[in-house]
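Biologist: I am new to this structure. Please take me through one part of it closely, the metal site and what surrounds it.

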Amino acid sequence: MYRAYTPEWDKTKTAPVILGIESSCDETAAAVVRGREILSDEIASSADVQSLFGGVVPEIASRAHTEAVAAVVKKAVENAGIGYADIDAVAVTYGAGLLGALLVGVSFAKAFAYVLGKPLIAVDHIRGHLAAAYTAAPDLEPPFVTLLASGGHTAVLYAETEGKFEILGATLDDAAGEAFDKVARVLGLRYPGGPNIERCIREGNGRPVIPMPKMLKGGGGYNFSYSGLKTAVINYCHTMEQKGEPYSKADVAASFQCAAIDVLVEKTLEAAAEKGVNTVTAGGGVAANSYLRDRLAKACGERGLRLVLPEKRLCTDNAAMIASEGVVQYRLGNFAKMDLNAKASIPLTATLGVK
Ligand code: KG4
Ligand code: ZN
């Protein structure tokens, strides 16, 4: 019979030791965080195999997680230099993501927490991406404005207090990362699109020489739209191919990247000004983009704003960000029951707990 789990929760702990487990896509990751200090951060990826198929194959991802999860968790605990008894709670990504992949992490975390006699924390993957910023600055406190730019979401958020966000604007169609992935495919580049587009750009002069459509700049509030930009790139490539004219992939990639990123920077800075905050953060895979990081740094520098960016490797999927959100939830006393299930999709409003 199911027995509700009652955690031994020490409210006085400001720097709990959290083991984070992430398996929502093609990365099997485990990390140990103490407060905002990362003690270990391990990752095993099936991306190399996945890239042969042009995207993530769910069944391959699930099998790879099953093979890797125990060893990755063991390594994370060992490399953290702690004993199992030192762990205060086990935080795991329960959604959104590939259901079979998520279930591997969730099942492992439940068993692990149960055996250790420690509480379980259910982490929303996107909240993990947002909490990555805390690992970059021990003193980071709301209020701040955050740019969320991932493979599934693109939004400008206002963080009023720790763990509480307001959505100021979001994409009306594709997410920024999705646009990078689709454009990469059109250019014959492998998955994941973002880093491969960056590599392709380095083969040219990096200038945006091909005209791209306007990206709801100065309009649409803090909303974004990427479908027009994606279509413009597809049309350009197809037209050139039909005419039998050669074109530079590096020029297309650079022109796309500028259009895709400039609007993100512009709207994030506008939101920071409107909200009167002096700190800006970013999270999600696209926040690993060098051009975005440079543009944000320049724009924040010009306006005297503090920019807090997670390290590049902590922008894409990892478990340190899951453990970091685990710390936030631990402090709030939000623990999961042992009947926790994986969730394939979670709307952004539910993720952030807003209407
Ligand atoms: O944030 P993430 O893990 O996705 C979700 O959780 O939804 O990041 C994956 C996305 C992919 O679309 C990938 O192409 C993009 O982030 N990405 C990048 C870069 N690295 C990853 N986009 C632009 N530049 C990069 N360097
Ligand atoms: Zn992610």
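Modeller: Start with the zinc ion, ligand 2, in this predicted model. Three residues coordinate the zinc ion: His 125 through NE2, His 129 through NE2 and Asp 317 through OD. The distances run from 2.0 to 2.1 Å. Along the chain, the donors follow the spacing H-x3-H-x187-D. His 129 belongs to helix 4, residues 125-136. Asp 317 sits in the loop between strand 10 (306-308) and helix 10 (320-332). The pair therefore ties together parts that are 188 residues apart in sequence.

Are these two donors buried or exposed? His 129 has a relative accessibility of 3%, so it counts as buried. Asp 317 is buried too, with a relative accessible area of 15%. The cut-off for buried is under 20%.

Now turn to ligand 1. Ligand 1 sits in the largest pocket. The elements that give two or more residues to the shell around ligand 1 are helix 4, helix 5 (176-186) and helix 6 (193-201). Helix 6 gives the most, with four residues. In total, 19 residues surround ligand 1. Those that come nearest are Gly 151, Asp 181, Glu 198, Gly 285 and Asp 317. Asp 317 is thus on two lists: it coordinates the zinc ion, and it is among the residues that come nearest to ligand 1.

His 129 also has two roles to follow. Its NE2 atom coordinates the zinc ion. An N or O atom in the side chain of His 129 is also 3.1 Å from an oxygen atom of ligand 1. Two glycines make backbone contacts. A polar backbone atom of Gly 151 is 2.9 Å from an oxygen atom of ligand 1. For Gly 285, a backbone N or O atom lies 2.7 Å from an oxygen atom of ligand 1. How much of ligand 1 does the protein bury? Taken alone, ligand 1 exposes 550 Å², and the protein buries 89% of that.

Next, follow the chain around helix 6. Ahead of it, a cis peptide bond joins Tyr 191 and Pro 192, with omega about -5°. Pro 192 lies in the loop between helix 5 and helix 6. Both of those helices give two or more residues to the shell around ligand 1. Past helix 6 comes Glu 203, in the loop between helix 6 and helix 7 (227-243). Glu 203 is exposed, with a relative accessible area of 70%. Its C-alpha atom is 8.9 Å from that of Lys 249, and the two residues are 46 apart along the chain.

Some other places help you find your way. A second cis peptide bond to look at joins Gly 95 and Ala 96, where omega is about -10°. Ala 96 lies in the loop between strand 4 (89-95) and helix 3 (99-116). Strand 4 also holds Val 90. Val 90 is buried, with a relative accessible area of 0%. From Val 90 to Gly 228 the C-alpha distance is 42 Å, and they are 138 residues apart in sequence.

Finish at Asn 278, in the loop between helix 8 (249-275) and strand 9 (279-283). Asn 278 counts as exposed, at 53% relative accessibility. Asn 278 and Gly 304 are 26 residues apart in sequence, with their C-alpha atoms 7.7 Å apart in space.

Technical notes. Residues are numbered from 1 along each chain as its sequence is written. Chains are lettered from A and ligands numbered from 1 in the order in which they are written. This is a predicted model: local features need pLDDT of at least 70, side-chain atom pairs count only at pLDDT 80 or more; totals for chains, interfaces and linings use all residues. Side-chain values use heavy atoms; hydrogens and water are left out. Donors are N, O and S atoms within 2.8 Å of the metal (3.2 Å for Na, K and Ca); water is not among the atoms, so sites may look incomplete. Buried means under 20% relative accessible area, exposed over 50%, partly exposed in between (1.4 Å probe, protein chains only). A residue is near a molecule or strand if one of its heavy atoms lies within 4 Å of it. A polar contact is a pair of N or O atoms within 3.5 Å; within protein, one must be able to donate a hydrogen and the other to accept it, and residues adjacent in sequence count only if both atoms are side-chain atoms. Accessible areas come from the Shrake-Rupley method with a 1.4 Å probe; for residues, only the protein chains shown count as cover. On a 1 Å grid over the protein atoms alone, a cavity is a set of points where a 1.4 Å probe fits but cannot get out, and a pocket is an open set with protein on both sides within 12 Å along at least five of seven lines; lining residues have an atom within 4 Å of a point. A molecule sits in a cavity or pocket if more than half of its atoms lie within 2 Å of its grid points.
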